Amino acid sequence: MKVLAINGSPHENGSTNAALSIMKQELIKEEIDVNVFHIGTAPIRGCIGCRSCADTKKCIYNDDKVNEAINLLSDIDGLIIASPVHFSGISGGMKCFLDRLFFAAGGRVLEYKAAASFVVLRRSGGSAALDQLNHYLMYSKMVLASSHYWNILHGTNAQEIYKDEEGVQIIKQAARNLAWLMKSIENSKIDYPQTDERVRTNFIR
Ligand SMILES: Cc1cc2nc3c(=O)[nH]c(=O)nc-3n(C[C@H](O)[C@H](O)[C@H](O)COP(=O)(O)O)c2cc1C
């Protein structure tokens, strides 16, 4: 089984990556492959709302790594999205990246796949940022792996996060829960729920 783990930090080897490594170790114990995908530090365009992805399922822009990530989604069983907290939200690059990825591919390619999210931060704003990440997963009918607390880990850099022993335990549990969920979905004999045509009730009449 495969997990794609998106690192939304500008630091390829920062706190977010260290936390992903902790989760990766737990997933490897469950014989799950983990592909850590760094969004990079090159500029990432925001979504321009052109809606061409509704037909193509790809973004019209190919000058960053969004389509590269979209191409990986059909082959995965689980997804992790992780970001440092920037001004009580996710990083700007990650926001642009996820807006375009989920707008283009958030529909059928991800539905009923397992997912987990977490944020790392120095001090405060974690809940708001974690909430922001979960919006993408919940929009896409993904099945969320939880833990025994919010998936928020404290530390300013890759070394410091290990001092947050409670946070480390929380994300380890999230990884184990993700593995369990992926295997449960794969081995389930129950059909996916009925899905009706989507109703779009805009709030302007
Ligand atoms: C632009 C910017 C804004 C930040 N805003 C916050 C914040 O609102 N709350 C907080 O606790 N930490 C904040 N931080 C600290 C980072 O979240 C923290 O250092 C994190 O561990 C960095 O993770 P990384 O190494 O994966 O990039 C901010 C850092 C930067 C660069």
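Strands, labelled E, are DSSP runs of at least two residues, numbered from the N terminus. The model shown here is predicted.

**Close-up 1. Strand E3 gives the largest share of the shell around the ligand.** That share is 3 residues. Helix H1 (15-29), strand E3 (78-86) and strand E5 (114-121) are the elements that each give two or more residues to this shell.

**Close-up 2. The ligand is surrounded by 17 residues.** Ser9, Ser15, Thr16, Arg123 and Gly155 are the closest. What kinds of residue make up the shell around the ligand? The shell divides into 10 polar, 5 nonpolar and 2 charged residues.

**Close-up 3. Polar atoms of Ser9, Thr16 and Val85 face oxygen atoms of the ligand.** In Ser9, a side-chain N or O atom is 2.6 Å from a ligand oxygen. Thr16 places a polar side-chain atom 2.7 Å from an oxygen atom of the ligand. Val85 uses its backbone instead: an N or O atom there lies 2.7 Å from a ligand oxygen. On its own, the ligand has 650 Å² of accessible area, and the protein covers 76% of this.

**Close-up 4. The ligand occupies a pocket.** Which pocket holds the ligand? The ligand sits in the second largest one.

**Close-up 5. A salt bridge joins Arg176 and Glu26.** Side chains of opposite charge can pair when their charged atoms come close. In this pair, the closest N and O atoms are 2.9 Å apart. Arg176 belongs to helix H6 (residues 165-187) and Glu26 to helix H1, so the bridge ties together parts that are 150 residues apart in sequence. The structure holds 9 salt bridges.

Terms used
Residues are numbered from 1 along each chain as its sequence is written. This is a predicted model: local features need pLDDT of at least 70, side-chain atom pairs count only at pLDDT 80 or more; totals for chains, interfaces and linings use all residues. Side-chain values use heavy atoms; hydrogens and water are left out. A residue is near a molecule or strand if one of its heavy atoms lies within 4 Å of it. A polar contact is a pair of N or O atoms within 3.5 Å; within protein, one must be able to donate a hydrogen and the other to accept it, and residues adjacent in sequence count only if both atoms are side-chain atoms. Accessible areas come from the Shrake-Rupley method with a 1.4 Å probe; for residues, only the protein chains shown count as cover. On a 1 Å grid over the protein atoms alone, a cavity is a set of points where a 1.4 Å probe fits but cannot get out, and a pocket is an open set with protein on both sides within 12 Å along at least five of seven lines; lining residues have an atom within 4 Å of a point. A molecule sits in a cavity or pocket if more than half of its atoms lie within 2 Å of its grid points. Helices (H or I, at least four residues) and strands (E, at least two) are DSSP runs, numbered from the N terminus. Ala, Val, Leu, Ile, Met, Phe, Trp, Tyr, Cys and Pro count as nonpolar, Asp, Glu, Lys and Arg as charged, and the others, Gly among them, as polar. A salt bridge is a side-chain nitrogen of Lys or Arg within 4 Å of a carboxyl oxygen of Asp or Glu.
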